[in-house]
Amino acid sequence: MTTDNPPTSPGSVDDWFESRLHWRALMDALLHVRVPLEAKTFFFGGMTLFLFGVQVVTGTLLALYYKPTPEAAYDSVLFITSDVSFGWLIRSVHHWSANLMILFLVFHLLRVFFQAAYKYPRELTWVVGIGLLGLTMMFGFTGYLLPWDQRAYWATVVGTEIAGGIPFIGDALLVLLRGGADVTEATLSRFFGIHVLVLPLALGAVVAIHLVFVHQQGLANPTKPDPRPPAVPQGRTKPFFPHYILEEVIAWLFLLAMLVVLSSLFPAGLEEEANPLETPAHVKPEWYFLGVYELLKHIPWKVVGILTPMVFIVLLAVLPFIDRNPEVRPRKRPLAIALGILTIAVLIGLTIWGYYS
Amino acid sequence: MSLETKRRLRHLRLACLAVPAILALLMLAGSASAQDPSPEPSLIPGPPAPSPIAHPPGGDVDQCFECHVSLDDKQQAISETWQESIHGAGGIGCADCHGGDPGSDQITVAMSEANGFIGIPSRQSTVDVCGSCHSDTERMRSYGLPTDQYDDYWTSVHGQRLLEANDTRVAICIDCHGSHAVKKASDPTADVYPLNVPAMCSRCHSDPTLMEPYGIPTDQYDTYAQSVHGEAMITNQDVRAPSCTSCHGSHSAKPPRSSEVVNVCGKCHTATEELYLESRHSELETAAPKCWTCHGTHDVQQPSEALFFHEEPPDYECTTCHQPPDMTLVLDVEQFDDEADRRCDTCHHPESLIYSQVEAISGALGGATGAQAQAQGKIDEAKSLGMIVHDAEVALTESKTGYIQGQAAVHTTKLTDVTVHTDEATAKAAEAEAMAQAKLDESLFRRTAMIIVIAVILINVVVLYVIMRRMSHPWEEEAEEPPTA
Amino acid sequence: MSQQPTADPGTSGFSRRRLLAALAGFSIISTLTMIVAPILGFLIPPKTSGAAAGGKVLVGTVADIPPGQGKVVPVGSSPTIIVNTDQGLNAFSAICPHLGCIVTWDPGSNVILCPCHDGRFNPTTGAVLSGPPPSGLPAEEVTVEDDQIFVVSS
């Protein structure tokens, strides 16, 4: 175990692979890139990737016991949580990792926004990243129904109703999402299929594209714009491997500790089994949809309420093409920073309002 | 200290009273006990059912209505109220109660005595007017209505008073059903709809000026409204809850007698009645407590274990339960008017054998309650830690089933009947507690494991940090000064 | 943070490498142990049968519940009453909607009886026949395969 230390001791294993796969060239291309010393990523993107990995592992494990039918779903989740050894841990880690994944994805997005890392040459990376945000939220939305308890059921009823309010295609979309007029067995089958098959493959592919882009472009330097045409980065750099990776791993360890603490102290619960005939007193979607939910409640014209977040997402996606100012330092782009802070304040405000209303 | 002396004194007094009492008992042994001090006076028989008011048949158009609806506001209101009533809908017209000729539009003809016009029937005769049709089985058959109301009415306190004293202030048909506005009892807007009955009765019975001549209290509605029954009916709008008429009867309204109360309550509380009938209390008939002795009448409250004993031992008067001179057992329900005195130890004083039996029954229930509270505490604690405690909750539900059965079994007054259920309840509660405790232990294990895992992760972080510092940092050498040495 | 060995500047390059390797080895092994142990534990099938995990639950054989009889059985986390009447097998939630007592079968009167307040339920529909329960017992799906009775928990 102590002998395999690849970066410093090229041994026979290294030769063996090299003679068959031209391994060193591949590794050089993948790992031996340089990172500008000024780049401050806070490891948010890497942490999100780590959490996705955690989700794949825990999700696969949960799927071993979970039964996606209305008769069995609730009891199988109960079984996992109370009878399977470490079932509570795997389920709680899956639950918390899902929440943290969205949280760190948002942090990552904010970091990129405030450092203006979405500007030339990284416009496409940003657009793909917004796609990842959408896919992750779909993950959360579909996964939320699976325990089939009251909270899951009614949050899905409310959530799909929001989708049903989209003009022109709303009704069709609602039926498509629910697999019928109501949230039923068909909805559960659909959500399960999307959650464990469609989304992991889609997210995996899009993450790969995102990473290839990042790899090709290198990390952005938040102190000066990238040169046009592209050139080898100037200024001081450090190696991506092992130095940057090591720091990243330390961040992952902190994340792991966070997951363990959250899962142990606040394990994922389970409410009463879903009952389509009895609406509980306070039906609310998950926290990351609360802002939109609250917005919908207070905008008298339903169409406007639903179009607002959609237009917002589209604007966010095409941000690199709207904001053509090459400047990257926050002080030199006051309008963008002000709008950004305003948006965050509004979203946090709406979410808190939604939480307490 | 002083309490103890008080108790001793009281016992002394009890003993003093007991000696002559026993003597008197011995002397009068075998003599018939005077159980019922006021025998029920016999009922004044009601009159036979009269025949309906005769009047000429009307035509297609009811001329009474045609004319009166356009007379003045008052007449119009009466006409329209009638039109919307069950009588108006069923073709029972003005002349059926008021007489006269509904076919004539001439006031002198239609409202002439020759045509049987009687105007407004007097209160005495109103019962007859209604009863003339409503006691006629042939007429009522097509409506599926009972025909016993007329006869029943004369047996009621209201009807008896009317017969006896010609007292027209008593309730007659129209006071409850309305005169022109008669509605079906199933119509939620009718005064006689079950949910509206308490308010309807209280229109008179809560009025001190109306009740003053009869010396009847007027607080029944308020007491009832605060009782479990009143809460179910008035607050929760539960039509199955008992209203005034459920216990007193409607047409035959009269307070239930001591000998009837078990049947009256048992109408709904079937299981409890069955258990009570097994008890020594039930065998004693008039001298023993009935439902109302412990639970009250209009003010029935949620029963609890507090019903066993006074908080402080009461002052025992022999005459509470024994009647001089022969000291036979009697029970005067007025002794139990005050809710605080509806306790087992009102009669069963601490010197008696039965007192220890009451203590044992109370203890059995209390033990089960205690075990359940303990289990509930553990369940809540485990729940607040995010643990899933479904199994413990099911066990606690089973325990509560046993407890409720035990509570009901108190009515048998037999200790073994109670403990059969309370022992099960206690055992199940202990089971639930053990399950919840297992979850608490599990939670503790998780926290301990968490601390160990966090420690390992922190060591790992330190290790990686050390590795990081130990690796060469070529780019930093260009900086002002190297970090180590 | 800085420990004794790290503060020592005079170590040779060789022992420094060995120390780093040992530390890295510890790090990898301990982290893997932390992650793999719960996963292995999760993969080991639990003692309780998977049948308890919802879907069809075996509650007994036909011989356990002869015609005219009823029995309360646990299905998952909820007690369920199985009754065998002339109309065949029926299953209902055994929790009385009045105060949450657990109902029993009353062979004398052929009804489901709540022992607490004498609530009676129709054994074929679960509807209230008499007594204080505000609503009937919710029905559960029951199937018989060979002579085994299964309840499909819902």
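This report describes chain composition, surface patches and backbone geometry in a predicted model.

Residues are numbered from 1 along each chain as its sequence is written, and chains are lettered from A, with ligands numbered from 1, in the order in which they are written. Because the model is predicted, local features need pLDDT of at least 70 and side-chain atom pairs count only at pLDDT 80 or more, while totals for chains, interfaces and linings use all residues; side-chain values use heavy atoms, with hydrogens and water left out.

**Chains B and C**

Helices (H or I, at least four residues) and strands (E, at least two) are DSSP runs, numbered from the N terminus. Chain B has 23 helices and 2 strands, whereas chain C has 1 helix and 10 strands. In sequence order, the elements of chain C run α-β-β-β-β-β-β-β-β-β-β.

The table uses three terms. Buried means under 20% relative accessible area, with exposed over 50% and partly exposed in between (1.4 Å probe, protein chains only). A contact means heavy atoms within 4.5 Å. Accessible areas come from the Shrake-Rupley method with a 1.4 Å probe, and for residues only the protein chains shown count as cover.

| Chain | Residues buried | Contacts with a separation of 6 or more that join residues 24 or more positions apart | Accessible surface | Carbon and sulfur share of surface |
|---|---|---|---|---|
| Chain B | 33% of 485 residues | 63% | about 27200 Å² | 58% |
| Chain C | 38% of 154 residues | 40% | about 7800 Å² | 60% |

Within chain B, B:Ala77 belongs to helix α3 (residues 73-84). B:Ala77 is partly exposed, because its relative accessible area is 39%. In sequence, 236 residues separate B:Ala77 from B:Pro313, and their C-alpha atoms are 63 Å apart in space.

**Surface patches**

Patches are made of residues with over 30% relative accessible area and no salt bridge; like charges are joined within 9 Å and nonpolar side chains (Val, Leu, Ile, Met, Phe, Trp, Tyr) within 5 Å. A salt bridge is a side-chain nitrogen of Lys or Arg within 4 Å of a carboxyl oxygen of Asp or Glu.

On chain A, a nonpolar surface patch consists of A:Val303, A:Leu307, A:Met310, A:Val311, A:Val314, A:Leu315, A:Val318, A:Phe321 and A:Ile322, which together have about 740 Å² of accessible area. At least two residues of the patch come from each of α12 (302-317) and α13 (319-322) of chain A. The most is given by α12(A), with 6 residues. A:Leu307 lies in helix α12 and is partly exposed, because its relative accessible area is 35%.

On chain B, a surface patch of negative charge (Asp and Glu count as negative, Lys and Arg as positive; His and the chain ends are not counted) gathers B:Asp332, B:Glu334, B:Asp337 and B:Asp338. The place of a charge is taken as NZ of Lys, CZ of Arg, CG of Asp or CD of Glu. B:Asp332 is in the loop between β2 (328-329) and α21 (353-384) of chain B. With 37% relative accessibility, B:Asp332 counts as partly exposed.

**Backbone geometry**

Most residues other than glycine have a negative phi, and most peptide bonds are trans. The bond from A:Phe241 to A:Pro242 is cis, with omega near 0°, and A:Pro242 lies in helix α10 (residues 240-265) of chain A. B:Pro324 and B:Pro325 are likewise joined by a cis peptide bond, with omega about 0°; B:Pro325 is in the loop between β1 (322-323) and β2 of chain B.

A:Ala116, a residue other than glycine, has a positive phi near 55°. A:Ala116 lies in the loop between α5 (87-114) and α6 (123-145) of chain A and is buried, with a relative accessible area of 4%. C:Asn110 also has a positive phi, about 55°, although it is not a glycine. C:Asn110 is in the loop between β5 (104-106) and β6 (111-114) of chain C, and at 42% relative accessibility C:Asn110 counts as partly exposed.
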